[in-house]
Amino acid sequence: MKKIIDNKHYFYLLLTILGGGLTLYFAVLGIIKHKGKFDSIEFITSTWINNYYAKSLTFDFWTGTIAGTFFILVEGFRLKMKRIWLYLFLTVGVAYAFGFPLFLFVRELHIKRQK
């Protein structure tokens, strides 16, 4: 069990790859559907307007994103990690499902180096 806990950074790396890859995959499918253009209005309305389930998932996502962003800032400063801004940029610019697990991966490596 201790070995699994000591190697949890690999789990975070797997989530980073899956989160970034799947997010990119579906975004590209959406762009292809719209003849090579990203339709921001459809993207926004697909999560906010479609139905109550979509709204539930949207609020769930944004609540988690706000908490995760706060965690990145607080934990990054607490551990004196470098380039915290990069994880925030990746979270907003690429995908939360990419940036946050990547931060967790690098955080675990940072903690291991400090031991």
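User: What makes K80, in the loop between α4 and α5, count as exposed?

Analyst: The place of K80 is the loop between α4 and α5, where helices are DSSP runs of H or I with at least four residues, strands are runs of E with at least two, and numbering starts from the N terminus. The relative accessible area of K80 is 69%. Buried means under 20%, exposed over 50% and partly exposed in between, with a 1.4 Å probe and protein chains only; K80 is therefore exposed. The model is predicted, so local features need pLDDT of at least 70 and side-chain atom pairs pLDDT 80 or more, while totals for chains, interfaces and linings use all residues. Residues are numbered from 1 along each chain as its sequence is written, and side-chain values use heavy atoms, with hydrogens and water left out.

User: What is noted about the phi of K80, and what about that of R83?

Analyst: K80 is not a glycine, yet its phi is positive, about 60°. R83 is likewise a residue other than glycine, with a positive phi near 55°. R83 is found in the loop between α4 and α5. At a relative accessible area of 52%, R83 is exposed.

User: Why is V74 called partly exposed?

Analyst: V74 belongs to helix α4, residues 52–78. Its relative accessibility is 40%, and V74 therefore counts as partly exposed. From V74 to L88 the C-alpha distance is 12 Å, with their positions 14 residues apart in sequence.

User: How do you know that α5 and α6 are roughly antiparallel?

Analyst: Their axes cross at roughly 155° and come within 6 Å. Axes are lines fitted to C-alpha atoms, for helices over the stretch in contact, and angles run from 0 to 180 degrees between N-to-C directions. Angles under 35 degrees count as roughly parallel, over 145 as roughly antiparallel, 65 to 115 as roughly perpendicular and the rest as oblique. The pair α5 and α6 is therefore roughly antiparallel. The contact (heavy atoms within 4.5 Å) joins Y87, L90 and T91 of α5 to Y96, F98, G99, F100, L102, F103 and V106 of α6. By class, eight of these residues are nonpolar, two polar and none charged.

User: Why are α2 and α6 also described as roughly antiparallel?

Analyst: Helix α2 (residues 8–33) and helix α6 (residues 96–114) pack at about 160°, with axes 7 Å apart. They are therefore roughly antiparallel to each other. Among the residues of α2 in this contact are Y12, L13 and T16, and α6 contributes residues including F98, L102 and F105. The residues divide into ten nonpolar, five polar and three charged; Ala, Val, Leu, Ile, Met, Phe, Trp, Tyr, Cys and Pro count as nonpolar, Asp, Glu, Lys and Arg as charged, and the others, Gly among them, as polar.

User: What makes a set of residues a nonpolar core, and which elements supply the largest one here?

Analyst: The term denotes buried Ala, Val, Leu, Ile, Met, Phe, Trp, Tyr and Cys residues joined through side-chain atoms within 4.5 Å. The largest such core has 13 residues, and I72, M81, Y87, F100, L102, F103 and L104 have the most contacts inside it. Two or more residues come from each of α5 (84–93) and α6. The largest share, six residues, is that of α6. Leaving aside residues up to four places away in sequence, F103 touches F71, I72, E75, G76, M81 and Y87.
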